[in-house]
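Here is a short set of exercises to work through with the model open beside you. Try each task before you read its solution.

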Amino acid sequence: MDKNARIYVAGHRGLVGSALVRRLESGGYVNLLTREHADLDLTQQVAAEAFFAQEKPDYVVLAAARVGGIYANNTYRAEFLYQNLMIYSNVVCAAWKAGVKKLLFLGSSCVYPTRAAQPMSEECLLTGPLEPTNEPYAVAKIAGLKLCDSFNQQYGTNFMSVMPTNIYGIGDNFDLKSSHVLPALLRKCHEAKERGDATFNVWGSGEARREFLYADDLADACIFLLERYNACDLGTHINIGTGEDLPIRQLAEEIIDVVGFSGELTWDHSKSDGMPRKWLNVSRMQDLGWSAKTDLRTGLEQVYAWYQSEYPSALKTQ
Ligand code: GDP
């Protein structure tokens, strides 16, 4: 990619989008294109097409989405399906019409069947039923990757799709009703410590296993792919993760250690575990020469430091 290329980061305020902006800026890309949600609603086809026709980006990273953890996914099922389908359809089609050279679509490891063999390889897509708690979101993500692949096949576009594992990082969502497990537990544990609680309560059984990738590592992987590969080199999609997962129980214990909480860990068995395991096979990315750099402990410490110093002011500007 030319350092002067016009690169549109859709969803630049989000966890992944903001990490992409940081990675592009530090990589010397000087012509980034972003839009606030209030100025461009990507669920609106006319607005999306007008934006692409006017700005004519060379490259697009599609990180815009309606996202959330297990509670939000399971509660706002219609919005997670409808809004994401609209965003992906509008952006992919507008990018094709505007002659975008390359697009990278951010999918999710939840596209794979709930009982997929672990670690999950790219080939297990559409081989079985999806996890019910996030099925609408997963269906939208599958539609997104199929849109990219179908436009490539019919119109010769260069739209690639990546399927990252659970992402966490600086600027994460710490709202307990909509956040993912890692920021939720950091916040709950911190508040339990501040209040001097005797217990720290975590949803589910603690047995579900998840793999956590630092957002800046994901951004690095995306730029690595955009700079060196075309969609046809990657198949329909490629996994991005660390290659290591752990039970939620172990994550909670690690968080207790980072936060310095001295009470007891308890479990709310009325809450769903969701998918029992979501471990990605990342051998294809490793074969291309990329692997994650930030270990979980380092990432947790960085995010906790950010939460303590920046989160209160970040909240005020939201
Ligand atoms: P998922 O990976 O799509 O299931 O999304 P989450 O990150 O929301 O949840 C991962 C796992 O963490 C599930 O087994 C949840 O039940 C468990 N979990 C435990 N405590 C919490 C919590 O406070 N918030 C969330 N979001 N998940 C939690």
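Before starting, keep in mind that this is a predicted model.

**Exercise 1. Work out how helix 1 and helix 7 are arranged relative to each other, and which residues meet between them.**

Solution. Let's begin with the geometry.
- Step 1: Find helix 1 at residues 15-26 and helix 7 at residues 215-228; their axes come within 8 Å and cross at roughly 60°.
- Step 2: An angle of this kind is neither under 35 degrees nor in the range from 65 to 115. Helix 1 and helix 7 are therefore oblique to each other.
- Step 3: The crossing in which helix 1 passes helix 7 is right-handed.
- Step 4: Now list the side of helix 1 that takes part: L15, V16, A19, L20, R22, R23 and L24. Across from these, helix 7 offers A215, D216, L218, A219, D220, C222, I223 and E227.
- Step 5: Sorted by class, this contact between helix 1 and helix 7 holds 10 nonpolar and 5 charged residues, with no polar ones.

**Exercise 2. Repeat the analysis for helix 4 and helix 5: what is their crossing angle, and how do the contact residues divide by class?**

Solution. The route is familiar by now.
- Step 1: Helix 4 covers residues 77-97 and helix 5 covers residues 135-155; the two axes approach within 8 Å and cross at roughly 15°.
- Step 2: Angles under 35 degrees count as roughly parallel. Helix 4 and helix 5 are therefore roughly parallel to each other.
- Step 3: Their crossing is right-handed.
- Step 4: Helix 4 brings R77, F80, L81, N84, L85, Y88, S89, V92, C93 and W96 to the contact. Helix 5 brings E135, P136, Y137, V139, A140, K141, A143, G144, L147, C148, F151 and Y155.
- Step 5: The count for helix 4 with helix 5 is 16 nonpolar, 3 polar and 3 charged residues.

**Exercise 3. Describe the contact between helix 6 and helix 9.**

Solution. One more helix pair for practice.
- Step 1: Helix 6 (residues 181-195) and helix 9 (residues 248-259) have axes that come within 10 Å and cross at roughly 45°.
- Step 2: Helix 6 and helix 9 are therefore oblique to each other, and their crossing is right-handed.
- Step 3: From helix 6, the residues in contact are V181, L182, L185, L186, C189, H190 and K193; from helix 9, they are I248, L251, A252, I255, I256 and V259.
- Step 4: These residues comprise 11 nonpolar, 1 polar and 1 charged.

**Exercise 4. In what order do the 6 strands of the open sheet lie, and where does strand 3 point its side chains?**

Solution. Start with the whole sheet, then zoom in.
- Step 1: The order is 2-1-3-4-5-10, and the pairing is parallel.
- Step 2: Strand 2 (32-33) and strand 10 (238-240) are the edge strands, each pairing on one side only.
- Step 3: Strand 3 is joined to strand 1 (residues 7-10) by 4 bridges, and Y8 has V60 of strand 3 as its bridge partner.
- Step 4: Another 4 bridges join strand 3 to strand 4 (residues 102-106). There, V60 is partnered by L103.
- Step 5: Along strand 3 (residues 59-62), Y59 and V61 point one way while V60 and L62 point the other way, and all are buried.

**Exercise 5. Find the edges of the sheet of 3 strands, then place G274: is this residue buried or exposed?**

Solution. Take the sheet, then the loop.
- Step 1: The strands run in the order 11-8-13 in an open sheet with mixed pairing.
- Step 2: Strand 11 (246-247) and strand 13 (277-278) each have a single partner strand, so each has one side without a neighbour in the sheet.
- Step 3: Strand 8 (residues 209-210) runs parallel to strand 13, joined by 2 bridges; R210 has K278 as its bridge partner.
- Step 4: G274 sits in the loop between strand 12 (264-268) and strand 13. Its relative accessibility is 15%, so G274 counts as buried.
- Step 5: Beyond its neighbours within four places in sequence, G274 is in contact with I70, E131, T133 and R210.
- Step 6: For E227, the separation from G274 is 47 residues in sequence and 35 Å in space, C-alpha to C-alpha.

Notes. Residues are numbered from 1 along each chain as its sequence is written. This is a predicted model: local features need pLDDT of at least 70, side-chain atom pairs count only at pLDDT 80 or more; totals for chains, interfaces and linings use all residues. Side-chain values use heavy atoms; hydrogens and water are left out. Axes are lines fitted to C-alpha atoms, for helices over the stretch in contact, and angles run from 0 to 180 degrees between N-to-C directions. Angles under 35 degrees count as roughly parallel, over 145 as roughly antiparallel, 65 to 115 as roughly perpendicular and the rest as oblique. A crossing is left-handed if the near helix is turned anticlockwise from the far one by less than a right angle, and right-handed if clockwise. Contact means heavy atoms within 4.5 Å. Ala, Val, Leu, Ile, Met, Phe, Trp, Tyr, Cys and Pro count as nonpolar, Asp, Glu, Lys and Arg as charged, and the others, Gly among them, as polar. Two strands pair if DSSP finds at least two bridges between them. Buried means under 20% relative accessible area, exposed over 50%, partly exposed in between (1.4 Å probe, protein chains only).
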